[in-house]
Amino acid sequence: MAKKFSTREENYSKWYNDIVQLAGLAESSAVRGCMVIKPYGYAIWEKMQAALDKMFKDTGHSNAYFPLFIPKSFFSREADHVEGFAKECAVVTHYRLKNDPSGKGVVVDDTAKLEEELIIRPTSETIIWDTYRQWVQSYRDLPILVNQWANVVRWEMRTRMFLRTTEFLWQEGHTAHATKEEALEETYRMLDVYTDFAEKFMAIPVLQGSKSENERFAGALETLCIEALMQDGKALQAGTSHFLGQNFAKAFDVKFASKEGTLEYVWATSWGVSTRLVGALIMAHSDDHGLVLPPRLAPIQAVIVPIYKTREEYDTVCEKARELKNILEQKGILVKLDDRDTYKPGWKFNEYEFKGVPVRLAIGPRDVEKGTVELARRDTLKKQVISVEDAGQTVASLLDEIQKGLYQRALTFREENTRKADTWEAFKKILDEKGGFIMAHWDGTPETEEKIKEETKATIRCIPMDKNKQAGRCVYSGKPSEGRVVFARAY
RNA sequence: CGGGGUGUAGCGUAGCCCGGUUAGCGCGCCUGCUUUGGGAGCAGGAGGUCGCAAGUUCGAAUCUUGCCACCCCGACCA
């Protein structure tokens, strides 16, 4: 019998979990709050990594690797940083186990207590800046443009597959610059890289902006972000880029001799995206039939399903299918030929549908005769018959069309779900009835933001980088406002 | 950490109130035959320390106590 998906309408979070499970992306593990990323889910992450890594290299960055453990004392160097992360740190206190004297299993050996406890990194600013001190003496050592692909641990109370897990995978860029201007420029450059990645690869339109004081990264002077809108009307932060000023340079005493011979503190940035993007991908495009993947991030872009009755038919159809596979591969398309005879075609159709494979090609005896193949696209679920001969071109341009179509569909959705609110009543009404982004005036105070959050659970997602801001009155307090900001309930 | 709930085969569950043969069912799995253009049908088969421990009892999945795990709701967050 068919495995049934929950629909988005019925139960959005169950629908999300069903997709994660049935598409084979991840499953929960024996460790509370931690997931196992399964091969298909990890393949998507690898595609993301590959694209981002190239973009980082193209903008002059190199990869490096820093330790998983951070001495506890490092954390207390930067006051805001400690305060931001202290409540969610895993701590290593011992380095040895011994047999339980009572004979059952093993216990911590109390004699093997660490002199200084180690924190499992929730982010690496501290260990990296402690290292950068050694690397920097002169302006000639700058800039340092380093990225790290790593796992981090943040001890969260409540977790959700990909969106919030105790351990997650990410990349963190950490750069050091001689001037404020250069560091700021880097902060904005990497935000643009993320924006580009989200729009071109993930097919998700994003809003660029800066975070309010409440939402800012612990230790940053300015946090820039990209915000995406999910299909249930909730916002999701898809990437952040921080201007750290000289905070970490001062905390870790990273100084350089300038051209002029003066001793200056280094200027810093950090920026990151995580496996959370896989969650964003799911929630942005998928439908009630399962996952929908944008071609540029799909581990399999086209799958070929042979249809046959007899052994002879199987052989001739598969032979033709292999030809077709070749034709497509010559166009650089990632093709899988599913010639397993242990599953029926109908079963495979469903399988690849909920795995989100953009294009499905079914080829049977009738097609072999006529030199055709049935093509079904995942985004619209529409089918057509095409000729094998020009399948390469047809599929290649279709993948392109699907990529653009998904972006366009997501963009339309966002536009339809972005609303202005000029009164507090209207603000609450939109949140309760529709969700989405709300453009509203705000008096600029953390107190007002806090009150709005308490009453509605909506937060300021970002303060847009809008050049032509128009003044108005705060939707909550009625006090003067410099311009509209973006509110939403968020993941 | 506070409130609520659930633990029975790989997954989902019935049985528990009211203790009593061999713990039932669906999916999945294995074998065989027929099937194969949208999750096939029939027949046969394998698979269980009923979360763990103690107690009550002639007898415990079922009653009692303790422990453990997981899920949902709140405070935290990329």
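Author: Let's begin with some vocabulary: the strands named here are DSSP runs of E at least two residues long, and helices are runs of H or I of at least four, both numbered from the N terminus. With that in hand, Leu381 can be placed in the loop between β20 and β21. One caution before we go on: this is a predicted model.

Reader: Thanks! How should I read the backbone at Leu381, and what is its phi?

Author: Here is the general idea: most residues other than glycine have a negative phi. Leu381 departs from that habit, with a positive phi near 65°. The residue sits in the hairpin of β20 and β21, where five residues lie between the strands.

Reader: Is Leu381 buried or exposed, and why?

Author: A residue is buried if 20 or more other C-beta atoms lie within 10 Å of its own, and exposed if 12 or fewer do. Leu381 has 11 C-beta neighbours inside 10 Å, so it counts as exposed.

Reader: What about the strands on either side: how many bridges join β20 to β21?

Author: Strand β20 (residues 372–377) and β21 run antiparallel and are joined by five bridges. To find one on screen, look for Glu374, whose bridge partner in β21 is Val385. Strand β21 (residues 383–387) is hardly covered, since zero of its five residues are buried.

Reader: Which other residue has a positive phi without being glycine?

Author: Try Ala203, with phi near 60°. Ala203 lies in the loop between α6 (180–200) and β11. The surroundings contrast with those of Leu381: Ala203 has 27 C-beta neighbours inside 10 Å and therefore counts as buried, while Leu381 is exposed.

Reader: And peptide bonds? Where does a cis one turn up?

Author: As a general guide, most peptide bonds are trans. In this model a cis bond joins Leu142 and Pro143, with omega about -5°. You will find Pro143 in the loop between α5 (125–135) and β9.

Reader: Let's turn to sheets. In what order do the eleven strands of the open sheet come?

Author: Read across the sheet, the order is β3-β9-β10-β16-β13-β12-β11-β24-β27-β23-β22, and the pairing is mixed. At the edges are β3 (62–63) and β22 (418–420), each pairing on one side only. Inside the sheet, β13 (residues 235–245) and β16 (residues 267–274) are antiparallel, with five bridges between them. One opposing pair there is Gly245 and Ala268 of β16.

Reader: Which helix lies across β9, β10 and β16?

Author: That is α2 (residues 39–58), which runs at about 5° to β10.

Reader: How are the three strands of the other open sheet arranged?

Author: Their order is β4-β8-β5, with antiparallel pairing. The edge strands are β4 (69–71) and β5 (91–94). Neighbouring strands of this sheet are turned by 40° against each other on average, ignoring direction. Strand β8 (residues 113–120) meets β5 over three bridges, and Val92 has Leu118 of β8 as its bridge partner.

Reader: How do I read a nonpolar core, and how many residues does the largest one have?

Author: In soluble globular proteins, nonpolar side chains tend to be buried together. Here the largest nonpolar core has 100 residues, and those with the most contacts inside it are Met202, Ala228, Ala280 and Ile363. Helix α12 (residues 391–416) gives the largest share, eight residues. Take Ala280 as a way in: beyond its neighbours within four places in sequence, its contacts are Met202, Ile204, Ala228, Leu236 and Ala238. Apart from this core lies another, of 27 residues, including Phe248 and Val266.

Reader: Finally, into which domains is chain A divided?

Author: The division gives domain 1 (12–89 + 123–285), domain 2 (300–404) and domain 3 (418–488). The centres of domain 1 and domain 3, taken over C-alpha atoms, are 27 Å apart. Each of these two domains brings 16 residues to the contact. On the domain 1 side, β11 (207–210) and β12 (222–229) each supply at least two residues, and the largest share, four residues, is from β11. By type, that side has four nonpolar, six polar and six charged residues.

Reader: Where is Lys434, and what does it touch?

Author: Lys434 is in the loop between α13 (424–433) and β23 (437–441). Not counting residues up to four places away in sequence, Lys434 touches Gly233 and Asn417. Lys434 is exposed, because 12 other C-beta atoms lie within 10 Å.

Key:
Residues are numbered from 1 along each chain as its sequence is written. Chains are lettered from A and ligands numbered from 1 in the order in which they are written. This is a predicted model: local features need pLDDT of at least 70, side-chain atom pairs count only at pLDDT 80 or more; totals for chains, interfaces and linings use all residues. Two strands pair if DSSP finds at least two bridges between them. Axes are lines fitted to C-alpha atoms, for helices over the stretch in contact, and angles run from 0 to 180 degrees between N-to-C directions. Domain bounds come from an automatic or database domain assignment. Two residues are in contact if their C-beta atoms, placed from the backbone, lie within 7 Å. Ala, Val, Leu, Ile, Met, Phe, Trp, Tyr, Cys and Pro count as nonpolar, Asp, Glu, Lys and Arg as charged, and the others, Gly among them, as polar. A nonpolar core is a set of buried Ala, Val, Leu, Ile, Met, Phe, Trp, Tyr and Cys residues joined through C-beta atoms within 7 Å.
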